Amino acid sequence: MSTDKVSVHGGWASRWVFVLAATGSAVGLGSIWKFPYMVGMYGGGAFVLVFLACIALIGLPVMLAETLIGRRARQSPANALKVLALEAGHSARWSWWAFAGMITALLILSFYSVVGGWSLDYIIDMGHGDFQGVTSDQVGAYFGKVVADPWRLTFWHTLFMVLSAVVIARGVVAGLERSLRIMMPLLFVMLLVLLGYSMTTGHFMQGVHFMFDFNSERLLEGLLPAMGHAFFSLSVGVGSIMIYGAYMPKGASLSGTVVGVALLDTFVSLVAGMALFPIVFAAGLSPSEGPGLMFVSLPFAFGNVAFGQLMGVVFFVLVAIAAWSSAISLLEPMVAYLVERTKVRRAWVTFWLAFSCWFVGLGTVFSFNIWQQAKFFVSEGGVFHLYRWGAISGLDFFGVIDFFTSRIMLPLGGLCFVVFAGWVMGREAVRDELSIRSPVMFALAFFLMRYIAPIGILVVFAAQLWK
Ligand code: PHE
């Protein structure tokens, strides 16, 4: 029976290592860097509300589906779908979807590594004391200077990619556990310290209101971005959590573990937002600053408190580690696939894939400087406004990759995985893997996977197209 399969890539020593690895994957730049700036761009509380609903009703069922598919098949996503589809008497073509997901993961990694590189850069800048006593204008100008320099960005992007590739080349199972066991809890502590600091800024309640008061007119505006970000934040829709599920021990309770990871990830996003916005308001910065939000608000805070220099270094080290453990999970599905399919060594596969992602990532590097004027796909009016080269509005190269991956590919990938679990694998196989004792809870989980999540995804797409 399929539950007896073993993974050729090794397995986590226990369920706790899975929790650590999956949390390492989920908690990353998505929660600390991207979530706050998206909240700022899409109307504060309206975005947060839709995001939370998408996590609960769509992201979580997809996460359960991915993990259980991975654990049942114990292979890379594309092979997992193929094997399980054939076992259930369906077409092996299901694996194409997973393949598309694995490519999406590589595209995400291309820009993820650039931003991971910014955090590395900021560790050194903090350590130098570049932000001691800065004003809010100066932090903004500093960030502008950093991203205006393509060489500087390329250097850090390269370093970040190399650091991620080294772990993958040695095998994820061996490399991750030791580093994450200490670093993840420390990151939580640092975020709470930051939150404590925010409370002293005198703008804490303004930040809380910004995050939780919502204007119902803006609910629809952030619908697709919020759903896309729910996938991004939970690391689902591309096979990352699936491959980690494939390394999960057999008897371990899957549903409780997955729910725990999702809760932790959401908690980190909310704390990051609540820590950041009061600082943004206290410094007189704009919440809709965009991708630079974290890199201007936090250095401002660290630059103006006692021990800020040291805390700033520690904080950016932790952010870089959180980003690194997520980057690893973006690369792993395709590496595992190619190791299964070819006779090429893991180290070589890793090298070539990381190199390709690095190369595509140069497009993101240039988006902030020499290609700043190159705009595609004007986005305000909807999804399908094509090519406007040189226009003021619209998306740059980074924007295009982010848009295509987070708003289109992640939800489509998620749709495929829940439909696969809910309709192709069928109730008994899902029950067997999920090991939920209470029949009511199982019925609820299965209902979410079979109906709510797929319909939810389609409704959000439809709402976007007809807006
Ligand atoms: N979840 C990660 C983050 O929030 C990013 C990620 C997306 C990782 C998709 C794997 C797959 O930073």
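**Notebook: salt bridges and a cavity**

I began with the side chains of D121 and R152, which meet in a salt bridge with N and O 2.7 Å apart. I note here that the model I am reading is a predicted one. D121 belongs to helix α5 and R152 to helix α7 (residues 150-170), so this pair links distant parts of the chain, 31 residues apart. I then looked up D121 itself and found that this residue is buried, because its relative accessible area is 2%, under the 20% cut-off.

Next I turned to E433, which forms a salt bridge with R71, the closest N and O atoms lying 3.0 Å apart. This pair also links distant parts of the chain, with E433 in helix α17 (residues 427-434) and R71 in helix α3 (residues 45-73), 362 residues apart. I checked both partners: E433 is buried at a relative accessible area of 3%, and R71 is buried at 4%.

I looked up R218 and E221 as well, whose side chains meet in a salt bridge at 3.0 Å, N to O. Here R218 is partly exposed at 28%, and E221 is partly exposed at 32%. I also found that salt bridges sharing partners join R71, R72, D432 and E433 into one network. In total, the structure holds 9 salt bridges.

Lastly I looked for enclosed space, and the largest cavity holds about 140 Å³. Its lining has 16 residues, with S25, Y112, F232, S235 and L330 nearest the centre. The elements giving two or more residues to this lining are α1 (15-26), α5 (94-128), α10 (223-234) and α14 (308-341). By class, I recorded 9 nonpolar, 7 polar and no charged residues in the lining.

How values were computed. Residues are numbered from 1 along each chain as its sequence is written. This is a predicted model: local features need pLDDT of at least 70, side-chain atom pairs count only at pLDDT 80 or more; totals for chains, interfaces and linings use all residues. Side-chain values use heavy atoms; hydrogens and water are left out. On a 1 Å grid over the protein atoms alone, a cavity is a set of points where a 1.4 Å probe fits but cannot get out, and a pocket is an open set with protein on both sides within 12 Å along at least five of seven lines; lining residues have an atom within 4 Å of a point. Grid points are joined across faces, edges and corners, and a volume is the space filled by probe spheres set on the points. Helices (H or I, at least four residues) and strands (E, at least two) are DSSP runs, numbered from the N terminus. Ala, Val, Leu, Ile, Met, Phe, Trp, Tyr, Cys and Pro count as nonpolar, Asp, Glu, Lys and Arg as charged, and the others, Gly among them, as polar. A salt bridge is a side-chain nitrogen of Lys or Arg within 4 Å of a carboxyl oxygen of Asp or Glu. Buried means under 20% relative accessible area, exposed over 50%, partly exposed in between (1.4 Å probe, protein chains only).
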